[in-house]
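Hi everyone, thanks for making time. Today I'd like to walk you through one protein chain, so have a look at the picture and then we'll go inside.

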Amino acid sequence: GWYEWNEVYGEYSELGIKKAFESKTGNVGDINLSLIAALKYAGVPVEPMLLSTRQNGLVTDLYPVLSEFNYVVAKVTIADKIYLLDATDRFHPFGLLPERCLNGRGRVIGEKESYWLELKPTDKEKTTTMINLTLGAEGIMKGSVQYVYSGYEAVNQRKKIFKFGSVGEFVEDFKNKNQDLNISGFNIEGVEDLSKPLRFVFYVEFGEGMYNGDHFLFNPFITEQWQRNPFKSSERLYPVDFGAPLEEIMILTLDYPPGYEVDGLPDKVGLSLPQNGGRFIFDIQNAMNKLSVNNSLLIAKPVFSSHEYHYLKELFNNVLAVQQTELVFKKKK
């Protein structure tokens with residue numbers, strides 16, 4: 001954590017490594033070339049790798065021109081395993097490149113020759129949400145919500161927390177943004193340890209007076225949802241690139257009083273993308289006054305061709321349709 005990245009890209013050292021070290025700030029080149037020099041000095045097998053960020057566009061494979069690259073990282077080989085390291089971002093665990101770097105292939109500048117290497121994500125952008133609720137006799141839902149963030153989603157959430165002066169301020173802001181859930185307790189685990197998932201656990205109480213009348217509606221997607229399909233256009237002429245694979249799992253259990261029943265369950269949904277590209281599963285069970293919902297979205301590969309576009313669009317249409325599910329709870333006659 002010596003260096004502060006100055007938000008400037010570059011594959012060269014801008015200030016010169018010595019100057020950058022003294023001022024504790026530098027561009028990508030300053031920071032990552034210092035990292036490469038330090039690893040070399042420590043006897044670790046390391047080579048610089050040039051790449052072009054996602055914003056900068058892809059590099060021409062056949063005749064790459066130096067000016068097309070705008071970034072440098074360290075390629076390290078330990079016990080026959082390759083790690084790509086970037087020291088510009090304090091929130092990334094060892095070997096997890098920032099998403100801005102996940103763009104096609106990079107050029108490794110070896111001592112004898114240079115060669116291409118695929119820039120593959122080493123982890124997913126993953127969120128698991130576990131919701132346990134009990135519907136009390138007074139018509140109030142009470143229970144707990146647990147978010148577990150890992151891979152790139154843990155990085156995203158840690159950055160959100162860090163923007164606040166303290167974890168306490170982040171929690172207050174979170175409560176304000178989710179006032180309808182009436183959050184009482186809130187606990188965050190794993191903010192500091194980058195190698196572990198980040199965990200939010202909070203306690204909710206909502207839906208006062210649900211029993212007014214002989215039935216009420218309940219949408220199991222009480223936490224964040226996809227608000228719209230990210231793939232709106234009817235045609236797509238270029239590939240879709242997510243950067244990293246995406247996984248979202250939501251598991252909800254709801255205990256409700258014996259005086260009520262659920263009127264008609266929605267159908268199960270099971271969809272797969274071609275070539276193991278991903279899947280969407282929605283399953284709902286109801287027995288012994290316990291409702292269980294399992295909702296799982298996986299985008300298993302980062303890049304989809306324009307031919308696969310309509311499958312993606314259709315998948316997200318289904319995700320959005322399911323998230324509008326309203327369950328009807330009725331008083332038993």
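Let's start in the middle. The largest nonpolar core has 53 residues, and the ones that touch the most other members are Leu 133, Phe 200, Phe 202, Phe 218, Ile 299 and Phe 329. Helix H5, residues 309–322, gives the most to this core, with six residues. Keep in mind that this is a predicted model.

Let's zoom in on Ile 299. Leaving out residues up to four places away in sequence, Ile 299 touches Phe 242, Pro 245, Leu 246, Leu 273, Gly 277, Gly 278, Phe 304, Leu 312, Leu 315 and Phe 316. Apart from the largest core there's another one, of 28 residues, and Met 49, Val 108, Trp 116 and Tyr 152 are among them. As background, nonpolar side chains tend to be buried together in soluble globular proteins.

Now for the rings. How many aromatic pairs does a search of the whole structure find? It finds 25. Take Phe 174 and Phe 186: their ring centres are 5.2 Å apart and their planes sit at 75°, so we call this pair edge-to-face. Phe 174 is in helix H4, residues 167–177, while Phe 186 is in strand E10, residues 186–189, and the two are twelve residues apart. Both of them are buried.

A second edge-to-face pair is Tyr 256 with Phe 329, at 5.2 Å centre to centre and 80° between the planes. Tyr 256 lies in the loop between E14 and strand E15, and Phe 329 lies in strand E20, so this pair ties together parts that are 73 residues apart in sequence. Buried or exposed, what is Tyr 256? Tyr 256 counts as buried because its relative accessibility is 7%, and the cut-off for buried is under 20%. Phe 329 is buried too, with a relative accessible area of 0%.

There's also an aromatic cluster, made of Tyr 147, Tyr 149, Phe 164, Phe 170, Phe 174, Phe 186, Phe 200 and Phe 202. So Phe 174 and Phe 186 turn up again here.

Last stop, the second largest pocket. It holds about 510 Å³ of space. Its lining has 22 residues, with Thr 127, Glu 224, Gln 225, Trp 226 and Glu 248 nearest the centre. Which element gives the largest share of that lining? That's E14, with five residues. As for the mix, the lining divides into nine nonpolar, seven polar and six charged residues.

That's my tour, thanks for listening!

Definitions and conventions
Residues numbered from 1 in each chain as written. Predicted model: local features only at pLDDT ≥ 70, side-chain atom pairs only at ≥ 80, totals over all residues. Heavy atoms only, no water. 1 Å grid on protein atoms, 1.4 Å probe; cavity = no way out; pocket = protein on both sides within 12 Å on 5 of 7 lines; lining within 4 Å. Points joined across faces, edges and corners; volume = space filled by probe spheres on them. Helix = DSSP H or I, 4+ residues; strand = E, 2+ residues; numbered from the N terminus. Nonpolar A, V, L, I, M, F, W, Y, C, P; charged D, E, K, R; others polar. Core = buried A, V, L, I, M, F, W, Y, C linked by side-chain atoms within 4.5 Å. Buried < 20%, exposed > 50% of the residue type's maximum accessible area, 1.4 Å probe, protein only. Contact = heavy atoms within 4.5 Å. Phe/Tyr/Trp six-rings, centres within 6.5 Å; stacked < 30°, edge-to-face > 60°.
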